[in-house]
Amino acid sequence: MDLKDKVDILSKKADILYKKVVILLASAGGSGAYAVKFLQDGSFVVGIVLSLFFIFSSTGIGILYMKLDGLEKEISYE
């Protein structure tokens with residue numbers, strides 16, 4: 001496999017990861033905002049569930065950013 005093909009494959013992988021990050025950012029932002037709203041209104045069960053979803057989404061975003069960083073380093077070393 002030549003260099004152009006390898007860079008193209010890495011670019012496609014980065015694009016897929018980027019799309020996953022965008023989806024998780026939107027869901028984390030919404031769940032975080034609603035978690036604060038429900039916790040302030042006194043609906044603690046829903047607020048805690050949304051807070052947990054926010055934590056899991058944020059963790060996923062961090063993992064995806066680390067994967068994107070690894071792909072960026074791999075592309076730049078080529």
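In the predicted model, Ile 48 is placed in helix H2, and because its relative accessibility is 48%, this residue counts as partly exposed. Ile 48 also belongs to a nonpolar surface patch of about 700 Å², to which Leu 39, Phe 44, Leu 52, Phe 54, Ile 55 and Phe 56 contribute as well. Helix H2, which spans residues 44-77, supplies the largest share of this patch, namely six residues.

Ser 57 is likewise located in helix H2, but with a relative accessibility of 4% it falls under the 20% limit and therefore counts as buried. When residues up to four places away in sequence are not counted, the contacts of Ser 57 are with Leu 24, Ser 27 and Ala 28.

Turning to the interior, the largest nonpolar core comprises seven residues in all, these being Leu 10, Ala 14, Leu 17, Val 21, Leu 64, Leu 68 and Leu 71. Two or more residues of this core are given by each of helix H1, which covers residues 3-41, and helix H2, with the highest contribution, four residues, coming from H1. Within this core, Leu 71 is in contact with Leu 10, Ala 14 and Leu 17, and also with Lys 13, once its neighbours within four places in sequence are left aside. Of these partners, Leu 10, Ala 14 and Leu 17 are themselves listed among the core residues.

Note on methods: Residues numbered from 1 in each chain as written. Predicted model: local features only at pLDDT ≥ 70, side-chain atom pairs only at ≥ 80, totals over all residues. Heavy atoms only, no water. Patch = residues over 30% accessible without salt bridge, like charges linked within 9 Å, V, L, I, M, F, W, Y side chains within 5 Å. Areas by Shrake-Rupley, 256 points an atom, 1.4 Å probe, with all protein chains shown as cover. Salt bridge = Lys/Arg side-chain N within 4 Å of Asp/Glu carboxyl O. Buried < 20%, exposed > 50% of the residue type's maximum accessible area, 1.4 Å probe, protein only. Contact = heavy atoms within 4.5 Å. Core = buried A, V, L, I, M, F, W, Y, C linked by side-chain atoms within 4.5 Å.
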